[in-house]
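Subject: Handover of a protein model

Dear colleague,

Please find below the sequence and coordinates that I am handing over to you. A summary of what was found follows directly after them.

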Amino acid sequence: MSERKLEGRVAIITGAGGGLGAEAARVLSLHGASVAVVDIDGAAAQRVAAGIEAGGGQSLAVQTDVSSEAAVKAMVEAVVARFGRVDVLHNNAAILSVEQRRRDRDVINMDVEAWDMAMAVNLRGAMLCTKYAVREMLKNGKGSVIFATSGLGAQGDLSLSAYAASKAALIMLSRSVAAQYGKQGIRSNALQIGLAPAENAHESMPAPLIDILRDNHLTPDVGTPRQIADVVAFLASDESSFVTGTTLVADGGFGSHTPSLVAMKALFAQSGAHGM
């Protein structure tokens with residue numbers, strides 16, 4: 001790493017026991033941040049934190065149910081007790097397990113408990129973490145809040161209605177935070193993440209589905225967790241000091257074109273082959 005642009009900063013990353021959150025924790029540590037690895041799976045959080053420590057970084061694992069206000073308050077207090085401050089909050093935690101995918105469907109077939117779970121973890125959890133982390137950031141007059149959202153928060157799809165609605169709401173929650181605390185030094189942005197499968201994504205996403213989505217990217221392949229983590233590090237750092245109240249899209253161009261693009265390319269290729 002050529003530049004430790006987060007030296008001396010303290011970052012809280014939720015849902016960091018695996019996947020994109022774990023990679024973000026590792027990358028922010030490489031940039032010099034002390035990282036709180038927060039996850040409902042305490043053992044997973046401990047493994048990620050131990051890996052960061054083994055690499056020479058500073059890390060703290062905190063088992064937390066982000067939908068519980070008492071648990072979130074205690075988590076932030078534990079981070080401040082260990083590191084003394086909070087500079088960065090990455091609201092990455094979300095529920096998208098195989099079971100949740102099965103129950104979070106089109107609206108008329110929606111399992112209402114799945115709807116409530118998506119809102120509790122994805123939206124309420126992000127609000128609660130922001131509520132307590134920003135209180136600490138204000139003490140230093142500076143901070144960056146990052147909300148992990150998704151293309152599903154901007155584009156309709158055949159399923160995952162609750163997940164999509166929660167992710168759309170995060171975009172406005174992020175703008176609200178930017179508007180409310182910007183003059184006090186707090187920046188807030190949403191990060192619209194495209195398909196960047198981590199080790200825990202392939203179980204819940206069939207290979208044929210990934211192939212379809214890959215075809216609709218404007219990049220040679222789908223993304224990687226490192227590519228997303230690098231954007232998180234950018235938003236966490238002073239490199240993005242004039243970026244707030246917006247949504248940064250990192251999706252390989254997936255959401256930038258008409259959905260007929262792939263089919264049209266195939267048609268044009270066929271027409272060319274026949275001299276049409």
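Among contacts in the protein between residues at least 6 apart in sequence, 74% join residues at least 24 apart. Please bear in mind throughout that this is a predicted model.

Overall architecture

The protein contains 9 helices and 7 strands. Its C-alpha trace spans about 70 × 45 × 40 Å along the principal axes. The radius of gyration is 19 Å, which agrees with the value near 19 Å for a compact globule because the rule is applied to 276 residues. Of these 276 residues, 49% count as buried. The accessible surface comes to about 13,100 Å², and carbon and sulfur atoms account for 57% of it. As regards charge, there are 24 positive and 27 negative charges, and their mean positions are 6 Å apart.

Strand β5 and helix α8

V145 is placed in strand β5. With a relative accessibility of 0%, V145 falls under the 20% limit and therefore counts as buried. Leaving out residues up to four places away in sequence, V145 touches L89, N91, T130, V134, M137, I186, R187, S188 and N189. For I186, one of these contacts, the C-alpha atom lies 7.5 Å from that of V145, although the two residues are 41 apart in sequence.

V232 belongs to helix α8. Its relative accessible area is 1%, so V232 is buried as well. Beyond residues up to four places away in sequence, V232 touches A24, L28, H90, I146 and L191. A pair with a long sequence separation is V232 and G21: they are 211 residues apart along the chain, while their C-alpha atoms are 9.9 Å apart in space.

The loop after helix α8

S237 is located in the loop between α8 (residues 225-236) and β7 (residues 247-250). Is S237 buried or exposed? S237 has a relative accessibility of 1% and is therefore buried. A polar atom of the S237 side chain lies 3.0 Å from the backbone oxygen of F234. Apart from its neighbours within four places in sequence, S237 is in contact with K5, L6, R9 and R187. R187 also appears among the residues that V145 touches.

The loop between β5 and α6

L160 sits in the loop that runs between β5 (143-150) and α6 (161-181). What is the sign of the phi angle of L160? The phi of L160 is positive, at about 55°, although the residue is not a glycine. You may wish to look at L160 when you examine the backbone torsions. L160 is buried, since its relative accessible area is 10%.

Helix α1 and the loop between α2 and β3

L30 is found in helix α1, which covers residues 19-30. With a relative accessible area of 42%, L30 is partly exposed, because that class lies between the 20% and 50% limits. L30 and G57 are 27 residues apart in sequence, and their C-alpha atoms are 7.3 Å apart.

G55 lies in the loop between α2 (42-54) and β3 (59-63). Its relative accessibility is 69%, which is over 50%, so G55 counts as exposed. The C-alpha atom of G55 is separated by 9.3 Å from that of R26, and the two residues are 29 apart along the chain.

In summary, V145, V232, S237 and L160 are buried, L30 is partly exposed, and G55 is exposed.

Yours sincerely,

A colleague

Methods: Residues are numbered from 1 along each chain as its sequence is written. This is a predicted model: local features need pLDDT of at least 70, side-chain atom pairs count only at pLDDT 80 or more; totals for chains, interfaces and linings use all residues. Side-chain values use heavy atoms; hydrogens and water are left out. Helices (H or I, at least four residues) and strands (E, at least two) are DSSP runs, numbered from the N terminus. The radius of gyration is taken over C-alpha atoms; the globule rule is 2.2 Å times the number of residues to the power 0.38. Buried means under 20% relative accessible area, exposed over 50%, partly exposed in between (1.4 Å probe, protein chains only). Contact means heavy atoms within 4.5 Å. Accessible areas come from the Shrake-Rupley method with a 1.4 Å probe; for residues, only the protein chains shown count as cover. Lys and Arg count as positive and Asp and Glu as negative; His and the chain ends are not counted. The place of a charge is taken as NZ of Lys, CZ of Arg, CG of Asp or CD of Glu. A polar contact is a pair of N or O atoms within 3.5 Å; within protein, one must be able to donate a hydrogen and the other to accept it, and residues adjacent in sequence count only if both atoms are side-chain atoms.
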